[in-house]
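Student: Please take a close look at the aromatic side chains in this model and at the core around them. I would like one connected account rather than a list.

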Amino acid sequence: MTHADATPALVARDAHLADLQQRLLRVGEVGPGLVLVTGPGGTGTSALVRRFAAGHVAAGGRCLRAEGAPWERDVELGVLSQLIGAPVTAPTSSAAGDQLADTVAGLPGEGAALVLVDDAGHADAASLQALWSAVHHRADVPVLVVLAATTPAPSPDAAAVLDRVADRVVLPPLGPGDVQQLAARAGVALRPTLADRLCRFTAGRPGPVLALLAEQPPELWSDVDPALPAPAAVAADVAGRLAAATAPARALAEAVAVLGRAPVPLAAALAGVPDPLGPADELLGARLVRWVEHLGAVLVEPSDPMVAAAVLGSVGRVRLADLHRSAASLVDDPVVRLDHLVSASPMADAGLADELEELAAERAATGEWAAVARLLSHAARITADRGLREDRLSRSFDALVGSGDTLGAAAAVAEVESLRETPLRNAALGYLAIVRGRSAEAESRLGRAWDLVNVERDPDVAALVCHRRVLHSLARCRGRELVEWADRALALAAPGSPAAVESSAIRGLGVAGTGGGQQALADYAVLATQVGHGAQAQRVAMGRGWTALALDEVDVAREALSSATSTDFLGGSTRISLWAHAWLARAHFVSGEWDDALRTAEDGMRLAERTGMRLIEPLLAWTRAQVHGLRGEWELADRAVGEAAAGPRDYEIMRVAGALARAGVAEARADYAGVLRALEPLRQPWAGGSIDEPGAWPWADVCANALVVEGRHDEADAFLRPHEERAADRGHRSAQARLRYARGRLLGATGDLDAARTAFQESADLLEDLPLPYDRARTHFAWGQTLRRAGKRREADPVLQTARDLYARLGATTYVERCDRELRAGGVHAGRPAGDRDAVALTPQEELVADLVARGMTNKEVGTELFVSTKTVQYHLTRIYAKLGIRSRGELAALRAGAASDA
């Protein structure tokens with residue numbers, strides 16, 4: 001039977017479609033097959049199998065199709081009759097299966113045939129049994145039977161047969177990105193936060209998603225915070241179930257929909273049902289509610305958000321307002337109480353709006369910005385005075401940015417820009433520009449806010465503007481400016497106010513960025529006792545962890561940053577969590593926990609993408625680029641470098657991280673000219689400020705090392721001196737150690753081997769009891785290379801072996817291979833290559849040059865790899881040609897390839 005191919009857009013189903021196609025191809029090898037495509041209702045089982053069948057038919061394949069229907073469940077062999085195209089009167093399921101197999105065998109064409117039954121949960125059991133028999137008893141007919149059925153199957157008889165099918169393709173729910181893509185294919189542009197909300201509302205099922213996109217007007221999806229209704233089919237189904245319920249059960253269902261998750265006694269009190277157990281069991285059976293155990297208590301909640309929306313949609317406005325007012329008198333949480341009162345108040349209500357603002361101020365004091373945004377938004381909606389309403393909207397918008405919902409705030413920009421210009425409005429828009437990484441826009445908006453604000457009349461607003469300038473200075477790596485703006489904010493803000501606490505939490509980073517790291521840690525210790533616990537504690541923990549990492553206190557940093565990555569603090573900020581993810585990834589990296597570093601950075605990147613906080617993405621990508629580069633995972637490394645890319649209009653912190661990502665991958669490739677190109681911007685005037693502070697950004701030693709390798713010795717010396725003086729003045733051990741190994745590299749390159757030995761030993765001593773294995777490996781690698789180049793091969797061997805062991809434990813395969821080549825070049829433990837035992841003897845250095853040239857490297861690349869001059873490479877190459885009796889690089893490559901083949 002032929003059916004219309006109503007195949008909606010498929011998203012995130014390519015693997016499942018390919019799975020079915022492979023099963024069809026294997027029919028010719030393994031014989032007939034039976035597979036069940038299943039998933040919860042609305043998951044897209046029908047869409048998938050229809051697409052599969054359409055592709056098979058379009059390719060000239062043979063296909064029979066049928067569809068189960070609720071009203072035909074009792075029609076014996078009804079589905080089989082659809083497939084065959086004629087009534088089936090076979091006495092047994094085996095005979096009916098033979099009739100189907102004969103029909104398939106008689107179809108014109110070649111190759112495996114496809115038999116598809118959509119909505120098989122409504123099929124009659126006799127037809128399903130006949131399909132089973134056809135597959136298992138007629139091995140001579142190449143056929144794949146595909147059954148599509150939702151779980152649980154609506155027909156008990158069909159379910160009994162379907163449960164016997166072991167071979168299954170189970171469709172998982174869609175993720176937020178998949179929902180966004182599905183909406184785009186349906187012609188609706190969803191911002192990521194709304195896609196995430198729609199995904200949770202529909203449990204990631206494409207059917208309800210597509211239904212809502214088709215049923216609702218386009219303006220719903222452009223609303224900042226739309227109320228999502230139930231799809232029409234869900235609403236009709238829920239209405240039918242409510243109509244069949246008793247009056248107490250309906251009342252309880254309405255109460256649960258209004259309350260959400262709630263204790264059973266609370267729901268019963270709101271519903272006016274003295275004995276809720278019977279009605280609750282009735283609702284459980286109708287799949288309108290479900291039980292949930294939480295912290296030892298039994299709670300009741302709607303079976304899913306769409307059911308809750310459908311129940312609420314069935315309640316009249318007056319009845320719904322009464323329920324919300326009653327709920328407000330029953331709940332304990334003040335935010336929830338006010339939410340209910342707002343839901344019951346369609347008109348302006350000055351008293352309620354003031355109460356909402358008062359509670360918002362309380363929650364702002366503890367940094368619960370998501371709650372603040374919601375409370376002030378509610379207050380603005382029921383405020384009649386235009387000026388006060390716009391003030392509340394601006395502060396709600398600012399709190400939304402503070403909570404980390406950057407994409408939600410971005411969707412509201414047009415509305416906020418339509419408000420009259422005030423310092424508060426400009427500061428809020430500047431705040432959004434900061435977290436989106438838009439430095440020039442933030443500078444303009446914050447500058448305008450400061451010009452407009454009256455410090456004497458509105459000190460609170462002035463303090464807020466100062467705090468936004470604090471964040472702006474942090475992203476610009478301007479420590480002194482940060483401290484100045486923080487001190488202004490603290491002078492203007494009331495003690496304990498959000499602007500005061502948050503400015504104090506960030507001020508320590510400015511103090512650390514100007515040489516006062518230990519003072520900053522002491523300040524954080526005092527501040528931690530003042531803020532106690534909650535969202536503000538998250539900010540203090542992040543600042544303390546970042547500062548400790550810069551001061552080599554890696555264990556302290558890891559503990560503090562780990563706690564700050566969580567948003568389980570009361571109202572914890574996603575923005576702070578992202579900063580913590582970025583620096584925790586660095587803490588894992590420097591301490592050699594590279595798997596943890598990658599996992600943390602990847603978690604942070606997903607969070608950044610979901611929230612739209614572009615500012616911190618390059619920091620997260622930097623760690624990923626460096627780890628992948630050191631592991632030789634070049635495709636992943638290059639992709640991370642691309643994600644870290646930042647341009648001249650981006651914040652300095654983004655540009656520094658992007659430069660370090662490029663430099664790290666270039667260094668892993670031994671492309672030292674590339675290292676210098678990547679780091680050259682950091683030597684320009686724009687990069688002044690705090691990036692040269694010892695411990696802040698590990699770039700000076702990388703740049704100096706590359707200058708030496710590239711033969712720019714005088715430039716390397718001039719570059720190193722101010723960095724060495726600053727590190728010594730600060731007493732910063734790891735910074736001094738990194739710069740000492742770079743100085744040792746320079747001293748060795750200019751012929752002062754004794755001084756080089758001293759510099760390398762000092763570097764190793766400084767690192768001895770620091771948890772920085774990567775830095776120790778770098779020091780020993782440069783030390784061993786320098787000794788080997790000076791001809792001290794036996795002395796270089798144990799140093800290089802130490803470097804190799806450290807790199808091996810880290811998983812830095814690129815440097816392990818490089819150490820192996822250095823050890824071979826030294827010749828102390830070198831053996832002859834396999835297949836070349838009887839060839840003319842080459843020295844270990846000549847062996848290594850020959851190997852690299854045969855791989856296609858230029859003389860310059862070989863020299864960079866082996867840390868020798870291009871002239872030295874040419875000298876070795878000339879001797880190699882003479883010894884082997886060849887005249888070109890091509891002959892050398894061919895000779896080496898032949899030797900390897902013989903081996």
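Tutor: What follows goes through the aromatic pairs, then the core, and then two charges placed over rings.

The model is predicted. A search of the whole structure gives 13 aromatic pairs. A pair of aromatic rings is described by the distance of the centres and the angle of the planes. For Phe589 and Trp594 the centres are 5.2 Å apart and the planes are at 5°. Planes under 30 degrees apart count as stacked, so the pair of Phe589 and Trp594 is stacked. Both partners are buried: Phe589 has a relative accessible area of 1%, and Trp594 one of 2%.

Trp594 also pairs with Tyr774, with centres 5.9 Å apart and planes at 65°. Here the angle is over 60 degrees, so the pair of Trp594 and Tyr774 is edge-to-face. Trp594 belongs to helix H32 (residues 594–611), while Tyr774 belongs to helix H41 (residues 773–789). The pair therefore ties together parts that are 180 residues apart in sequence. Tyr774 is buried as well, at a relative accessible area of 7%.

Elsewhere, ring pairs join Trp546, Trp579, Trp583, Trp622 and Trp697 into a cluster. Two members of that cluster, Trp579 and Trp697, are also among the residues that touch the most other members of the largest nonpolar core. That core has 145 residues, and Phe397, Leu619, Ile653 and Tyr807 are named alongside those two tryptophans. Helix H35 (residues 652–668) supplies the largest share of the core, 11 residues.

Which residues does Trp579 touch, not counting those up to four places away in sequence? They are Leu474, Met542, Trp546, Leu615, Ile616, Leu619 and Ile653. Of these, Trp546 is also in the ring-pair cluster, and Leu619 and Ile653 are on the list of residues with the most contacts to other core members. In soluble globular proteins, nonpolar side chains tend to be buried together.

Two aromatic rings have an arginine over them. Arg655 lies over the face of Trp686, at 3.8 Å from the ring centre. Arg818 places its charged end over the ring of Tyr815, 4.5 Å from the centre of that ring.

Notes: Residues numbered from 1 in each chain as written. Predicted model: local features only at pLDDT ≥ 70, side-chain atom pairs only at ≥ 80, totals over all residues. Heavy atoms only, no water. Core = buried A, V, L, I, M, F, W, Y, C linked by side-chain atoms within 4.5 Å. Buried < 20%, exposed > 50% of the residue type's maximum accessible area, 1.4 Å probe, protein only. Helix = DSSP H or I, 4+ residues; strand = E, 2+ residues; numbered from the N terminus. Contact = heavy atoms within 4.5 Å. Phe/Tyr/Trp six-rings, centres within 6.5 Å; stacked < 30°, edge-to-face > 60°. Lys NZ or Arg CZ within 6 Å of the ring centre and 35° of its normal.
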